[in-house]
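User: I have a model open and would like to go through its main features with you. Could we start with the strands and then move on to the interior and the pockets?

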Amino acid sequence: MQRDSSHVSDKVSLDDRLRDVWRRAAEEGTSMPGESTLALDLEMSRPAVREALVRLEERGYIRRRKGADTVVNTSLLNIPARFDRQVDKLELIRSTGRDPGVEVLSHEITPITVDEAVEFEVAPGTPVLRLTKLWTADGRPVMLARDCVPLAGRRAVGYDPSESIFSLALSLGHEHIEWEVVWPGADVLSEADARALGRPEGEAVLTVELTGVGRSGRTGYWSSELHVKGALRYAMVRSVKVDRGER
């Protein structure tokens, strides 16, 4: 019996399994199997497979054309992390062949600022759990993050600051986070941040501003990350849809 493709966990599982099929095809230099073959091999309905292939194409893994083979994007094999996909930092560091580590430098609960309340549409006076974390690769600092989780009507009792920001948001009363809004940028290190990262003050770094949003549109967390230049590489993939008459 085929599974009900409307179940969320099945969709996630199917996407992951199709990415495995894509990876094998990309590594072997072949095209993706057709819908009927995939449905049979993965024991899923053809409509479910078709929907998952649409998502895979939207994310740049494949290109489908009617009456032709499904072409795979082999360039993604060399991309460890993408701005358009949430990735676990420890797994990202591990994927580069280095030993990952994370340390909680500080954590405290303070009132939300006026600017934060306006920007993230959180009620003024809301308590906010603030954490500073340092990620390392083979013992060398590669990223500094300042995570903020507003308390959603629940006291922050017995929370584990070493948990991921997603787990902390749930344990502090927020709904499941469905989306992250990501704003990459650049800055230079302040004296304090340079000291934490073991880098020269004024050195250029990649900045990543994140906002976690639940299904209702409420903000579950926000975070500000500083990435040591060249330590962790991110990419963004987009499909090229140019009119054939253009040059």
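User: What do β4 and β5 form, and how many residues lie between them?
Analyst: This is a predicted model. In it, β4 and β5 form a hairpin with 2 residues between them. Asp138 sits in the turn and has a positive phi of about 55 degrees.

User: How many bridges join those two strands, and in which sense do they run, parallel or antiparallel?
Analyst: The strands β4 and β5 run antiparallel and are joined by 10 bridges. As one example of the pairing, Trp135 has Met143 in β5 as its bridge partner.

User: Which strand pairs with β4 besides that?
Analyst: Strand β3, residues 100-111, pairs with β4 in the antiparallel sense, over 11 bridges. Pro127 in β4 stands opposite Pro111.

User: Is β4 largely enclosed or open? And why?
Analyst: β4 is largely enclosed by the rest of the structure, because 10 of its 11 residues are buried.

User: Back to the turn. What is notable about the phi of Asp138?
Analyst: Most residues other than glycine have a negative phi. Asp138 has a positive phi of about 55 degrees although it is not a glycine. Its place is the loop between β4 and β5.

User: Where does Glu43 lie, and what is its phi?
Analyst: Glu43 lies in the loop between α2 and α3. Glu43 is not a glycine, yet it has a positive phi of about 55 degrees.

User: Buried or exposed, that Glu43?
Analyst: Glu43 is exposed, with a relative accessible area of 54%. The cut-off for exposed is over 50%, so Glu43 falls in that class.

User: And Arg46, where is that and what does it touch?
Analyst: Arg46 lies in helix α3. Not counting residues up to four places away in sequence, Arg46 touches Glu35, Ser36 and Ala39. Arg46 and Ser36 are 10 residues apart in sequence, and their C-alpha atoms are 6.4 Å apart in space. Arg46 is partly exposed, with a relative accessible area of 41%.

User: Let us turn to the interior. How many residues are in the largest nonpolar core, and which have the most contacts inside it?
Analyst: The largest nonpolar core has 21 residues. Those with the most contacts inside it are Leu18, Trp22, Met32, Leu53 and Ile62. Helices α1, α2 (35-42) and α3 (46-58) each supply at least two residues of this core. The largest share, 6 residues, comes from α1.

User: What is Leu53 in contact with?
Analyst: Leaving aside neighbours within four places in sequence, Leu53 is in contact with Leu18, Met32, Glu35, Leu38, Ile62 and Arg64. There is also a second, separate core of 19 residues, which includes Leu189, Leu226, Val228 and Leu232.

User: Now pockets. How much space lies in the largest one, and which residues are closest to its centre?
Analyst: About 1,700 Å³ of space lies in the largest pocket. Of its 44 lining residues, the closest to the centre are Arg85, Gln86, Phe166, Glu178 and Glu180. Among the elements that each supply at least two residues of this lining are α1, α4, β4, β5 and α6.

User: How does that lining divide by residue type?
Analyst: The lining of the largest pocket divides into 20 nonpolar, 5 polar and 19 charged residues.

User: And the second largest pocket? How much space lies there?
Analyst: The second largest pocket holds about 390 Å³ of space. Of the 15 residues that line it, the closest to its centre are Arg19, Arg23, Tyr61, Pro80 and Arg85. This lining divides into 8 nonpolar, 1 polar and 6 charged residues.

User: One more residue: where is Ser224, and what is it in contact with?
Analyst: Ser224 is in strand β8. Neighbours within four places in sequence aside, Ser224 is in contact with Leu144, Ala145, Arg146, Val208 and Glu209. Ser224 counts as partly exposed, at 26% relative accessibility.

User: Finally, the overall picture. How many helices and strands are there, and what does the C-alpha trace span?
Analyst: The secondary structure comes to 7 helices and 8 strands. Along its principal axes, the C-alpha trace spans about 60 × 40 × 40 Å. Buried residues make up 39% of the 247 residues in the protein. Among contacts between residues at least 6 apart in sequence, 57% join residues at least 24 apart.

Conventions
Residues are numbered from 1 along each chain as its sequence is written. This is a predicted model: local features need pLDDT of at least 70, side-chain atom pairs count only at pLDDT 80 or more; totals for chains, interfaces and linings use all residues. Side-chain values use heavy atoms; hydrogens and water are left out. On a 1 Å grid over the protein atoms alone, a cavity is a set of points where a 1.4 Å probe fits but cannot get out, and a pocket is an open set with protein on both sides within 12 Å along at least five of seven lines; lining residues have an atom within 4 Å of a point. Grid points are joined across faces, edges and corners, and a volume is the space filled by probe spheres set on the points. Helices (H or I, at least four residues) and strands (E, at least two) are DSSP runs, numbered from the N terminus. Ala, Val, Leu, Ile, Met, Phe, Trp, Tyr, Cys and Pro count as nonpolar, Asp, Glu, Lys and Arg as charged, and the others, Gly among them, as polar. Buried means under 20% relative accessible area, exposed over 50%, partly exposed in between (1.4 Å probe, protein chains only). Two strands pair if DSSP finds at least two bridges between them. A nonpolar core is a set of buried Ala, Val, Leu, Ile, Met, Phe, Trp, Tyr and Cys residues joined through side-chain atoms within 4.5 Å. Contact means heavy atoms within 4.5 Å.
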